[in-house]
Amino acid sequence: MNWRTVWKERQGRLLHVEWPELQHEMFWTLACLFFGCTLLFFFVAGNLLSTFQVNILTIVQVALVLIAGGVAQAHPRAASLVLVLTALAVVLAILAGWMGGGGAMLLLAPVLLAVVGLGPLVAGYLSLALVLLLFSPLFPWLYPITPVEQGTLVFLLGLIGLAAFLSQRRQTELLGRLFALYQGNLAQLDEARNDRLALNQVNQALAEAYVQLERLNKLYQAMRLEAETARRAKEEFVANVSHELRTPLNMIIGFSEMILHSPATYDNHLPGRLLSDMRVVYRNSQHLSQLINDVLVLSAAESGHMTLSQSWMPVLDLVNEAQDAIRPLFQAKGLELVTDLPDCKLMVFCDRLRIRQILLNLLSNAGRWTKRGGVVIKVVATKDEIRFCVQDSGPGIPKSDHRRIFEPFQQSGKATNRSNEGSGLGLSISKQLVEAHGGRMWVESEVGKGATFFFTIPYPAERPPGAGFARWFNPYLSHEPHTPLALPELPPPRERLLLLTQEEELHRQTQAMLEDLEVIQVGSLGELTEQVNQAIPSALLINEARVMNDRGFVRHNFPHLPERMPVITCHLPGKREACDYLNVIDYLVKPVSGQKLLEVVRRHAAPQQVILVAEDDAEMARLIRRQLTAGDNGYRILHARGGGHALELMRERHPDLVLLDLGLPDQTGYQVLEEKNRDETLKAIPVIIVSARDPLGEPVVTDRLRVELGGGLSLRDVVQCTAAISRALSPGSPSTAPAHAKNPPGQPAFG
C-alpha cells in the first residue's frame, strides 16, 4: 500500500468519521445544556404553564432525549434531528404560555442546535421554515408577536442562515487546506522514513567498512612489520658486506697482485700459464670489488641515505672528464667518440662525482655493446633543465626491454648474449642518481638502429652565475632606451651552522643535507670560540668525544653564548676520530692493496724493524707477510693469532709497529688496545688497525646526542624539540637510519 492510498483513507476517515464525531459531541453538549435550562425554567417560572403542562412537557422531553440517546450510536443524525425537533416543540410550548414581549427570541435556540448537530444546510432550511411560520396566520394565534419583534427575529434567523451557508463554504475550504497540509506532512513523513532507512543502510555499510578497515589495518601492521624486518635484514646485509666479502676479497686481490707484480717473492719459478690464469683471477676480483661498491651505492640510493654534494659545474668539464676516462676502451675497439656541446659556457648544478659516474656508465655500456661506428655525446639546454644524450650505433634494445634494463641485475639480451661484461647495476644506479638530482632517465631504441640514452638535470631555483660581461647582452634584440627598474629586494642571508669536527666527510654530508644553511667548519675549540663571535651562527654542532662526555663543558667554556643559541653535541667517529679515540696512528679499511699497506708502514717503521701482525686468519696473515716482505725493506714479521698472544709478544719482543685486526677471537681489538694503553711499557708502541669495518660506512655511527641552550629549556622548548626529533626519527622519515647495528658493550660505534 503506497502513501497516496493511505492519504485517501485518512481523508475519508477525517471527513466521515472524526469530524462528525466531533460535531456530535459538541451537539450533545449544547443539547443537554439547552434541555437542562428549559427544565430549570419550567420549575422557576411556574406561572407560565399549569402544573399538568409542565409535567407532560418534562416527561416528553426526557423521553425524547432518552430515545435520541439510544439511537445516537447507530443513527447519530436521526438522534440529532429528534433533539432539534424536541427543542423546537419545547420552545413553541413555552411561547404558548408566554406573557409579555421578547419570547419569540427563544426560536433561535433550535436553529443553533441544528447548525451544530445537523449542519449549516439543515439549519438554513429550519430558519426558512421558522420565517414562514412567523408570517403565517397561525403564529399570532400561538404568540402575539409585535412587528418590531417579528422583524428582529426574521433578521436574526436570516443572519444565522447566511452565516451557516458561508461557514459551510469556509469550512470546506479550511478542511481542504488542512487535508493538503496533512498530505504534505504525510509526504514528509514518508520521505523521512526513506531517509531513515537509507541512513540505517549507510550506518550498516559504515559498520561493515569499519570492520573491514580494522582487518586491513591489522594486515597492514603485519605487512609493515614484515617490510621493516626485510628492510633491516637488507641493511644488515649491506652493513656486513664490508666484513664478510671484503676480507676474503682482500686476500684474493692481494695474493694475485703479489704473484703478478712481485714474482721474485716466489723465486721466479712461476710458469707462464699460471701467470696468465692469475691475471684472469686478478681482473675478475677487481670486477667483484667494483660490484660490491655498486651494490653499496644502490642500497644507499634506494634507502634514501645517499647525500649529494651539489655545486655549479661547467658541463664541458664533466663531459671531458668522462671522455678522457673512457677513451682507451674506444681506441682499443676502433670506435669514434664524438661530442656535440653548446658553444656557450653551460653550467649545471649537480654532484660532480655522481654525474661523472653516470656518464661513465652510459659510455662504458655503449662501448661494450657497439662493434662498429661510435658514440655521440650531446648536451641540450632547455628552459627548465639540461638534457644529456649518449647515442651509440650498437645492436639496439627491444622495446620490451626498455623498462627492464633499469632494474638491478638486468641486461638487454642477457639470456642469449654473454659476450659483454657487466653486472647489470650500472643503469639502475645511474637512474637512482639522476632521480636523486630531481631529473629523469629513459632510453629510445629499436633493434638494429642503436640506442640513445637520455637523462636530465633540472635547474634549481637559483640560476648559475654568468660567464662574463656578455651575459648582459641579447644578440637578438636591438637597443631600446627604457627607464631603469627599481632594485629587487635582496634575499635574506642564510643562517649559519658552526661545525666543530676533524672529519671532512662529516662537513661534506652536513652541507649536502642542510642546503639552506651555511656550514662553517672549525678544527679546534679555539677556532670555535673565535668564530662564535665573528660568524654569529644560529646553532653549534660539536663533534667531540670529550665534549660529549662532559655535561658542563659548554656552560663552563662558553658562558657568553646567546641564550637562544642551541648547542648540539655528539660523537660521530670517522677514521681520524677512531685513531684518536683508540690511540692508534692509522686506520686501514680492507681490502688494502700491497702498495697502500707498504706506503703506510714505511711512514712509521724503518727498514729492518720488527712488525707484529695480530690476525686470526692464517691466510690473511700470510698475505700481509708477503706484502711487507715484497718491498725489500727487511722487515721482521711476528704473527699473533689472538689478542692474548699479541699482548704477550708485545711484552716479550717489544715490536716497533703493530698491525691489529679488530675481530680477534679471544680478545677483541678494542680490548687489546685498552689493555695496551693501560700498560706504560706498551703504551708507546704504534698501532695500525687493519679491519674490514669502515667507521664512516656503518649504518649506526652513534647512539646519542645532546641538545643544550644557554638560557635553559622551557617546557615549550622541550615539547617542540620532542616533536621535531620524533618527526625526524620516525619510521616513515626517509632520513631515519636503522637502529639495529648493535655494538658490544664498551665498544664505540665504529667498531
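**Close-up 1. Arg440 and Glu385, a salt bridge between a loop and a strand.** Arg440 is partly exposed, at 43% relative accessible area, while Glu385 is buried at 15% (buried means under 20% relative accessible area, exposed over 50%, and partly exposed in between, with a 1.4 Å probe and protein chains only). The two form a salt bridge whose closest N and O atoms are 3.3 Å apart; the term stands for a side-chain nitrogen of Lys or Arg within 4 Å of a carboxyl oxygen of Asp or Glu. Arg440 sits in the loop between helix 12 (426-436) and strand 6 (441-445), and Glu385 in strand 5 (residues 385-392), so the pair ties together parts that are 55 residues apart in sequence. Helices (H or I, at least four residues) and strands (E, at least two) are DSSP runs, numbered from the N terminus. Please keep in mind that this is a predicted model: local features need pLDDT of at least 70, and side-chain atom pairs count only at pLDDT 80 or more. Residues are numbered from 1 along each chain, and side-chain values use heavy atoms, without hydrogens and water.

**Close-up 2. Asp679 meets Arg651 in a salt bridge.** Here the N to O distance is 3.4 Å. Asp679 belongs to the loop between helix 21 (669-678) and strand 16 (687-691) and Arg651 to helix 20 (residues 643-653), so parts 28 residues apart in sequence are tied together. Asp679 is buried at 18% relative accessibility, whereas Arg651 is partly exposed at 44%.

**Close-up 3. Glu321 and Arg352 link two helices.** Their closest N and O atoms lie 3.2 Å apart. Salt bridges with shared partners join Glu321, Arg352 and Arg356 into one network.
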